[in-house]
Amino acid sequence: MNRTTLSLLAAATALAAATGLAALTAPDGNGAAAGAKAPARLPVERSSLLCPAPSTSDIAETVYTSFSPAGSKADAETESTAELKPSVTTLADPAAADDKKDDKTKNGAKDGDKGAGTGADKAGAAKQPTPAKPFLSLKEPGRPTGAKESGSDSPALIGTATGKLAPGWTTQQTTTVPAGSGRGVLGVSCTAPDTDFWFPGASLAKDRQDYVHLTNPDDTAAVADIELYGKDGALKSQLSEGIPVPAGASVPVLLPTLTTDKAEDVTVHVTTRTGRVGAVVRGAGDETGSDWLPASTDPSGTLVLPGIPADATSVRLVAFAPGDDDADLKLRLATASGTITPAGAESLRVKSGMTASVDLKDVTKGEAGSLLLSPSESGKETLVVAALQVTRGTGAKQELAFIPATAPVSERATVADNRAKGSILSLTAPTATAEVKVTASAGTQGGEPTVKTYTVKAGTTLAVTPPVPAGLKGSYALTVEPRSGGPVHAARTLLLPQDGIEMFTVQTLPDDRGTVEVPAAEQDLSVLDD
């Protein structure tokens with residue numbers, strides 16, 4: 001009798017921890033899990049982040065802050081790295097564009113970002129990736145590290161973290177442009193690569209110049225498609241299919257080059273045919289400034305959009321129904337004192353395949369809040385995606401930011417680049433009272449961590465000045481961990497006023513997915529060969 005021991009379980013466990021795959025189970029002869037213990041949750045062993053090229057303004061100042069929470073159960077003996085490296089030259093390289101004037105005209109730059117060539121015939125024109133020196137390296141968990149860049153030449157960044165630095169790794173990119181059509185504070189938590197993104201809240205209006213930035217982290221080319229949807233459905237577009245994103249490259253695509261439509265409210269859908277990309281939209285208005293619009297959370301029948309500032313002068317909701325059914329949504333605002341229905345904006349009908357919007361005006365009226373979306377008819381859920389365009393200030397002094405719908409923090413979430421002054425943390429408990437632990441990390445240049453626990457009552461939003469590390473020098477990270485009660489949604493507002501303009505940016509805090517379920521290695525998965 002020969003006894004051959006299978007290594008399938010060990011391999012699957014390692015793969016799940018390394019890539020964040022869902023739990024695996026060992027089947028019995030009938031295909032069902034037999035006698036297996038519940039899957040364990042282990043720290044991921046590898047994380048990827050992608051940061052878009054911050055700006056093409058010569059007066060831009062960009063701050064990068066990288067952080068990984070302490071306390072991970074990752075193997076301390078495993079070699080750990082967390083590095084962000086510059087992307088290679090993109091298809092938007094000015095020199096390449098000069099050689100193809102016609103293509104430059106179709107996808108050229110206007111008031112800022114360089115345009116992207118999108119024809120399939122350009123796939124071979126991109127430079128092959130070459131080894132790049134790390135731009136920013138994180139050395140240890142629990143203590144953030146930072147870097148600064150000035151001017152218009154800052155590239156997109158591609159990052160990978162391994163070992164004990166991988167679980168919960170985050171990087172914040174904050175750019176300040178004090179003047180010009182793209183002025184403002186542009187903040188974004190660098191994103192993980194994926195194959196499907198929804199961006200309600202973009203615009204093709206005459207006073208807007210919106211770009212979608214596509215960044216490929218892998219060593220093989222990716223091919224992406226961009227679909228645009230207005231209030232009447234899909235917009236007729238050109239050059240939006242089969243967009244090549246070379247290996248290790250970043251490609252900014254100017255949305256008005258894809259269609260002649262001037263729709264005010266647009267939903268952008270990015271998918272990949274091959275490979276994966278990081279995607280984020282840069283929205284810029286002539287009078288309202290600019291900021292990054294991250295992707296909405298996955299389509300759902302109920303959504304939470306947390307962290308609307310108390311002094312918002314204008315709030316606009318944009319939603320899209322990707323399925324075959326229309327959605328009738330009920331709108332509620334979770335304030336500090338409870339949940340209310342916005343006057344004159346009690347509901348919103350979103351037709352299938354169409355973008356719908358509603359102007360909520362100054363809905364918060366001096367009290368920070370979060371918007372809750374749910375089905376108008378009890379029991380009838382229709383999947384939607386949504387985002388808010390939020391404005392502070394008026395006239396020439398106004399400034400915009402975006403708040404996409406975000407998933408709850410199931411275990412832990414972190415946002416970096418908090419300052420001693422100007423940070424506001426919003427915690428929302430839409431259904432049940434929750435207790436939340438908030439940890440302020442050490443600073444980039446010094447300071448000791450501080451911990452505080454908050455209770456968020458059901459149906460409310462708690463907006464607080466977060467704890468600050470003792471002896472803080474530099475900036476720091478905030479880590480949010482629900483301890484008990486119902487689901488919690490979180491967002492951080494960073495206020496950086498300049499020259500009388502209420503510049504600000506809002507980052508939502510989705511769960512960091514720092515752990516993954518793996519099967520318990522208790523069963524004897526051996527095969528007996530007679």
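**Close-up views of charged side chains**

**View 1. Lys-437, with a relative accessible area of 22%, is partly exposed.** The structure shown here and in the other views is a predicted model. Since a residue must fall under 20% to be called buried and over 50% to be called exposed, the 22% of Lys-437 places this residue in between. Its partner in a salt bridge is Glu-481, and the nitrogen and oxygen of the two side chains lie 4.0 Å apart. The bridge connects distant parts of the chain, because Lys-437 belongs to strand β31 (residues 434-440) while Glu-481 belongs to strand β36 (residues 476-485), with their positions 44 residues apart in the numbering. Glu-481 has a relative accessible area of 17%, and therefore counts as buried.

**View 2. Arg-41, Glu-411 and Glu-517 are joined into one network by salt bridges that share partners.** Counted over the protein by the rule used here, the salt bridges number 17.

**View 3. Asp-225 and Arg-273 form a salt bridge through their side chains, with an N to O distance of 2.8 Å.** This pair, too, ties together distant parts of the chain, for Asp-225 is found in strand β13 (residues 222-230) and Arg-273 in strand β17, and the two are 48 residues apart. Asp-225 is buried, because its relative accessible area of 14% is under the 20% limit.

**View 4. Arg-208 and Asp-210 are linked by a salt bridge between their side chains, 2.8 Å from N to O.** Which of these two partners, Arg-208 or Asp-210, is buried? Both of them are, Arg-208 as well as Asp-210.

**View 5. A patch of negative charge on the surface brings together Asp-207, Glu-264, Asp-286 and Glu-287.** Glu-264, one of the members of this patch, sits in the loop that runs between strand β16 (250-254) and strand β17 (266-274). Strand β17 also appears in View 3, where it holds Arg-273.

**View 6. The whole protein, with 3 helices and 40 strands, provides the setting for the close-up views.** Of its 530 residues, 53% are buried. Among the contacts whose residues have a separation of 6 or more, 82% are made by residues that stand 24 or more positions apart in the chain. The accessible surface amounts to about 22,400 Å², and carbon and sulfur atoms contribute 49% of this area.

How values were computed: Residues numbered from 1 in each chain as written. Predicted model: local features only at pLDDT ≥ 70, side-chain atom pairs only at ≥ 80, totals over all residues. Heavy atoms only, no water. Patch = residues over 30% accessible without salt bridge, like charges linked within 9 Å, V, L, I, M, F, W, Y side chains within 5 Å. Areas by Shrake-Rupley, 256 points an atom, 1.4 Å probe, with all protein chains shown as cover. Lys, Arg positive; Asp, Glu negative; His and termini not counted. Charge placed at Lys NZ, Arg CZ, Asp CG, Glu CD. Helix = DSSP H or I, 4+ residues; strand = E, 2+ residues; numbered from the N terminus. Buried < 20%, exposed > 50% of the residue type's maximum accessible area, 1.4 Å probe, protein only. Contact = heavy atoms within 4.5 Å.
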